[in-house]
Amino acid sequence: MLDPSASLAAASSGGPDYTRRRTFAIISHPDAGKTTLTEKLLLASGAIRQAGQVKARGERRRTRSDWMEIEQQRGISVTSSVMTFERDGIVFNLLDTPGHSDFSEDTYRTLSAVDAAVMVIDAAKGIESQTRKLFEVCRLRDIPIFTFINKVDREGLDPIGLMDDISATLALDLTPFTWPIGMGVDARGLIDVPGKRALLVEERGGPLTRVVPFEHPEDLIGLEGVEERILNESVEGLSLALGILPPFDLESFREGHLSPVFFGSAIKEMGVPELLAGLGGFGPSPLARSANGRTVEPQEDNVSGFVFKVQANMDPNHRDRVAFVRLCSGTFKRGMKLFNAREKRQMAIANPIFFFAQERETVDEAVAGDIIGIPNHGLLRVGDTLSEGETIRFEGIPDFAPEILRRVMLGDHMKTKQLQKALQDMAEEGVVQVFRPMADPLPIVGVVGTLQLDVLASRLEKEYGVPIRYETVSFVTARWVSGEHAEVERFTEGNRFSLALDRDNAPVYLARSQWVLDRAIEEWPKLKFLAVKERG
Ligand code: G4P
């Protein structure tokens with residue numbers, strides 16, 4: 001079996017810089033332990049120091065609720081969006097997926113910028129709805145997944161049962177890397193499977209300071225200092241799991257079919273170093289990206305990257321924004337001029353931001369896999385590609401057909417112009433999608449999660465002084481209409497009352513029911529009704 005420590009040593013020595021980048025996100029259902037695991041990963045890398053757990057936890061709770069309020073008001077995850085930390089010569093870029101339980105397009109887009117994900121599961125709960133949804137998004141791109149089964153310091157479900165549940169629910173092969181020696185009051189430590197050692201507590205609830213090497217897990221039976229019942233159960237469970245589950249296969253993992261499983265406890269820092277060693281050791285370095293007509297490789301000399309997120313400035317009085325760019329190739333240097341393929345113009349990147357463990361640092365150099373923040377005044381949109389001159393359009397930054405549509409009503413008609421401008425800004429920033437119906441002057445906004453509606457209303461009022469309210473519409477879904485020009489025209493003529501134009505003036509069919517949509521698809525075989533539209 002592949003040993004993360006050995007692969008870590010290999011991964012961190014030699015080779016170009018980008019091979020030592022690991023760009024990933026943590027996906028989980030709220031409360032599974034994403035925040036705690038993030039903190040512990042930063043702690044393990046020495047990027048943060050914690051004064052004392054209790055204080056930090058109290059502070060975290062306070063800060064978290066503040067953040068959530070701001071998130072609600074401002075529609076963004078103001079929690080550090082990108083955290084960069086270094087360990088054993090590997091640079092980890094951890095991208096935060098929005099913290100709120102509601103689902104938004106921001107989440108999809110962030111996941112389009114990573115090469116791997118850590119899926120955190122609560123050992124007492126197994127797969128929960130949000131985990132499943134996020135996993136499905138990762139699967140769209142076959143992103144390799146690490147599984148961290150958290151909270152083994154509490155009573156949890158039986159490990160074999162958990163593995164079974166995850167594997168069956170997600171149709172994903174699993175293989176154990178760390179295995180619990182008891183859970184809850186019985187928690188005595190972990191078996192590090194590839195490392196061939198047991199990591200044990202010296203006293204109940206303490207750290208895993210006792211290390212016992214073994215050749216086969218069965219050798220641990222009879223070990224002194226651990227109750228026979230607990231140890232036997234653990235070893236038997238592991239032997240069974242190893243017997244029935246497929247062995248680790250790097251290719252299968254990289255293709256997103258097989259996930260290494262780490263049982264642990266974020267709060268007790270159990271299993272966290274092993275997870276980090278796995279991420280560093282065999283987590284993928286920046287992957288090649290498909291673009292229009294060709295594949296962009298990370299080792300290419302010329303710089304390229306794409307904007308996956310635009311965040312408004314924290315200060316609502318200033319409308320400048322930060323565009324988050326995932327670099328896909330080349331070595332970016334400060335002061336460089338990059339070409340925006342959509343705007344067809346060069347821009348000088350004077351003050352790029354590097355997010356190093358929650359503190360913004362000015363960056364001088366960055367390579368494929370790194371994220372840079374580019375302050376701008378609205379020039380950069382989500383989906384934009386930056387390059388050294390080549391017109392590249394990366395695939396995979398889509399707009400999704402919104403599941404919720406609302407008409408925007410203005411209280412004060414004198415503000416129609418401001419509303420138009422504000423909606424355009426919000427659409428470009430990716431907060432909502434805006435559709436202009438062909439037969440109605442009032443705009444319709446579309447979102448994937450309802451929180452986006454609250455965020456839009458709050459931001460329009462606070463930042464643009466335009467209070468709005470929503471009115472329900474009789475449309476249930478939207479589809480981009482694509483096909484030969486004449487055919488699209490013909491369809492448009494006959495369906496003006498169900499058609500709108502999007503931000504790029506592309507025609508969008510607003511359907512009153514699934515049945516109506518199905519009928520349109522049947523009646524117009526030469527047209528495509530697309531649920532996803534690539535940005536750009
Ligand atoms: P999230 O970001 O995924 O929403 O989860 P978060 O880390 O905030 O953790 C949610 C709750 O689970 C927190 O408890 C946290 O302390 C707890 N937790 C996280 N990891 C572990 C673990 O390994 N073991 C145990 N026993 N608990 C864990 P809380 O009730 O919100 O606050 P607190 O009073 O516990 O701090």
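Which residues of H7 are buried? Burial here means under 20% relative accessible area, determined with a 1.4 Å probe on protein chains only, and the buried residues of H7 are Ile230, Leu231, Asn232, Ser234, Val235, Gly237, Leu238 and Ala241. This is a predicted model, in which local features need pLDDT of at least 70 and side-chain atom pairs count only at pLDDT 80 or more, while totals for chains, interfaces and linings use all residues. Residues are numbered from 1 along each chain as its sequence is written, and side-chain values use heavy atoms, with hydrogens and water left out.

Helices (H or I, at least four residues) and strands (E, at least two) are DSSP runs numbered from the N terminus. Helix H7 covers residues 228-244, and at 1.5 Å a residue its 17 residues should span 24 Å, which agrees with the 24 Å between its end C-alpha atoms. The expected span is 1.5 Å times one less than the number of residues. Among what covers the buried residues of H7 are helix H6 (159-170), strand E6 (173-181) and strand E7 (189-192).

Strand E16 (residues 337-340) and strand E17 (residues 345-348) pair in the antiparallel sense over 4 bridges, where pairing requires that DSSP finds at least two bridges between two strands. In their hairpin, which has 4 residues between the strands, Lys344 takes a positive phi near 55°.

Asn376 belongs to strand E21 (residues 371-376) and is buried, with a relative accessible area of 5%. The table lists two backbone atoms and their distances from a polar atom of the Asn376 side chain.

| Backbone atom | Distance to a polar side-chain atom of Asn376 |
|---|---|
| Oxygen of Ile374 | 3.1 Å |
| Nitrogen of Leu380 | 3.1 Å |

Definitions and conventions: Buried < 20%, exposed > 50% of the residue type's maximum accessible area, 1.4 Å probe, protein only. Contact = heavy atoms within 4.5 Å. Polar contact = N/O pair within 3.5 Å; in protein donor to acceptor, adjacent residues only side chain to side chain.
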